[in-house]
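Visitor: Could you take me through a close look at a single part of this model, the place where the metal ions sit? I would like to know what holds them and what lies around them.

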Amino acid sequence: MYRKNAWIKNKDNIDQVMKFAEGYKDFITYGKTERLVTKEAVASLEKAGYKDAKKLSSIKAGDKVYFVNKNKNVAAYIIGKRPIREGIRVLGAHIDSPRLDFKEHPIYQKNDFALADTHYYGGIKKYQWVTIPLALHGVICKKDGEKVEVNIGEDPKDPIVGITDLLIHLSADQMQKSLAKGIEGEDLDVSLGSIPVDEKEKDAVKANVLRIIKEKYGVEEEDFLSAEIEVVPAGPARDYGLDRSMIAGYGHDDRCCAYTSLQALLDVDNLEYTGCCILVDKEEIGSVGATGAQSVFFENTIAKLLELSGDKNPLYGVREVFENSKMLSSDVSAGFDPLYPQVNDPKNAAYFGQGLVINKYTGRGGKGGSNDSNPEFYAFVRKALDEAEVNWQNSELGKVDQGGGGTIAYILGNYNMDVIDAGIPVHNMHAPMEIISKVDLYEAYKGYQAFLKA
Ligand code: MN
Ligand code: MN
């Protein structure tokens, strides 16, 4: 079902499309960080009968297992009827999203305000992050081994925080600057308080804020050194548009593909080839590090599966598994925006309502850094989607030399795996409020399921 409107196809199935979106809205409303998404994913996996692979001594066809890496990265598998060495079907999505992170020494006082210094994470248009309600999520790790979970700004009774911007009345100089320079990265500091409780105390406002934090969480200022506090948009995901066809929320990139990939795996059974959903961290900063797509974690999980299935040489076997595997890199695409048509080639753009988006390549400036899939594999994917009557479309990320971007596709491609990007079109990508279409979310779920069965 190439380039057909998915609302038309689903006109007798609207309740199902809307219901699926409700589950997703709950998922991103709770899952504001990679840690929270991991927690939620593990809870769903366990509820569906998946077992922690570390606790098993053998596996056989039909078994469902998962691995968790450092609380931020998950790999889940349904063991297929064929030997794992014949290859697996992978759905890979990332669960980190652009945001602002507290610095190691964040809290300071200036002119009777307590503020928190941040460093932004991922590619953001900085001016979008001021004068909006923000929440704080994360963990503070104490030297004694205790880990404190922070969550401020989501409960309607909680306070929120935020970042100020100049009033228009005094912005004569600022308004002459470019969008890139109007708000500087070093000025993305979060307001935390303004009451100087004991005026004789040095930095009394900051001291008061630290007292509040200590009362609530039992931590000292120095404990922020070993903390991970993420500043993210506060509040729940909401229906968007008078017809409720869309969802406004934070972190669609790439939690909409993570949710649909995970749900696809949870809702299939009796697979011919082993099915996998891997959710990775750090994509927005280059996929490097222990919990990113470039980590050996994924290889280790495959080696472990081979060992559990009785394979005599699991370490070499990993190479063979990868070479025989096929993957959809489940990541979002730039949705065609009627207000900015000039950045796209309209015949090769992703439209809201047309379903799952296939990107043969991403990259920038002559496909630089892109995975650029083989047409043999693309044909395999087309067949799987068309046979399952999934609405899908193709896209490239903007017209030639307009910009670009990347996903995790090339990383798995480097293992000699067949990989292609397949995701959901997004408006306002990387903004605090991103938008997707409910029907694209639903068709992506259907498409991922079709791929697992192919
Ligand atoms: Mn992404
Ligand atoms: Mn992104």
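Guide: Let me start away from the metals, with Thr131, which is exposed because its relative accessible area of 58% is over 50%. Please keep in mind throughout that this is a predicted model. Thr131 belongs to the loop between β6 (113-121) and β7 (134-141), and its phi is near 55°, a positive value in a residue other than glycine. Another residue with this kind of backbone angle takes us to the metals: His430 has phi near 75°, again positive although the residue is not a glycine. The setting of His430 is the loop between β21 (425-426) and β22 (434-437). With a relative accessibility of 16%, His430 counts as buried, because the cut-off is under 20%.

His430 is a good way in, since its NE2 atom is one of the donors to the manganese ion (ligand 2). The others in that list are Asp253 (OD) and Glu284 (OE), with Glu284 (OE) appearing twice, and the distances run from 2.0 to 2.6 Å. Along the chain, these donors follow the spacing D-x30-E-x145-H. Asp253 sits in helix α6 and Glu284 in the loop between β13 (274-280) and α7 (297-308), so this pair ties together parts that are 31 residues apart in sequence. Asp253 is buried at 3% relative accessibility, and Glu284 is also classed as buried, at 14%.

Now to the partner ion. The manganese ion (ligand 1) takes its donors from His94 (NE2), Asp253 (OD) and Asp331 (OD), with Asp331 (OD) listed twice, at 2.2 to 2.6 Å. In sequence, the donor residues are spaced H-x158-D-x77-D. What connects the manganese ion (ligand 1) and the manganese ion (ligand 2) is Asp253, which bridges them across a separation of 3.4 Å. His94 comes from strand β4 (residues 88-94), whereas Asp331 lies in the loop between β14 (326-329) and β15 (333-334), so the pair ties together parts that are 237 residues apart in sequence. His94 is buried, with a relative accessible area of 1%, and Asp331 counts as buried at 6%.

If you plan to look at the backbone here, there is a detail to note beside the bridging residue. Asp253 and Asp254 are joined by a cis peptide bond, with omega about 10°. Asp254 is itself found in helix α6.

Let us stay with α6 and see what it packs against. Helix α2 (residues 14-30) and helix α6 (residues 252-266) have their axes 10 Å apart and pack at an angle of about 125°. That angle falls outside the 65 to 115 degrees counted as roughly perpendicular and is not over 145, so α2 and α6 are oblique to each other. Their crossing is right-handed. On the α2 side the residues in contact are Phe20, Gly23, Tyr24, Phe27 and Ile28, and they meet His252, Arg255, Cys256, Tyr259, Thr260 and Gln263 of α6. Sorted by class, this contact of α2 with α6 has 6 nonpolar, 4 polar and 1 charged residues.

Ile95 gives another view of these surroundings. Ile95 is found in the loop between β4 and β5 (99-110), and at 0% relative accessibility it counts as buried. The C-alpha atoms of Ile95 and His252 are separated by 9.3 Å, although the two residues are 157 apart along the chain. Leaving aside neighbours within four places in sequence, Ile95 has contacts that include Arg255, Ala258, Leu279 and Val280. Also among them are Thr33, Glu34, Val37, Thr38 and Lys72.

Last, a look at α7, which bounds the loop that holds Glu284. The axes of α7 and helix α8 (residues 314-323) come within 8 Å and cross at roughly 110°. This lies between 65 and 115 degrees, so α7 and α8 are roughly perpendicular to each other. The crossing is right-handed. From α7 the contact draws on Phe298, Glu299, Ile302, Ala303, Leu306 and Glu307, and from α8 on Pro314, Leu315, Gly317, Val318, Arg319, Val321 and Phe322. The residues of this contact divide into 9 nonpolar, 1 polar and 3 charged.

Notes:
Residues are numbered from 1 along each chain as its sequence is written. Chains are lettered from A and ligands numbered from 1 in the order in which they are written. This is a predicted model: local features need pLDDT of at least 70, side-chain atom pairs count only at pLDDT 80 or more; totals for chains, interfaces and linings use all residues. Side-chain values use heavy atoms; hydrogens and water are left out. Axes are lines fitted to C-alpha atoms, for helices over the stretch in contact, and angles run from 0 to 180 degrees between N-to-C directions. Helices (H or I, at least four residues) and strands (E, at least two) are DSSP runs, numbered from the N terminus. Angles under 35 degrees count as roughly parallel, over 145 as roughly antiparallel, 65 to 115 as roughly perpendicular and the rest as oblique. A crossing is left-handed if the near helix is turned anticlockwise from the far one by less than a right angle, and right-handed if clockwise. Contact means heavy atoms within 4.5 Å. Ala, Val, Leu, Ile, Met, Phe, Trp, Tyr, Cys and Pro count as nonpolar, Asp, Glu, Lys and Arg as charged, and the others, Gly among them, as polar. Donors are N, O and S atoms within 2.8 Å of the metal (3.2 Å for Na, K and Ca); water is not among the atoms, so sites may look incomplete. Buried means under 20% relative accessible area, exposed over 50%, partly exposed in between (1.4 Å probe, protein chains only).
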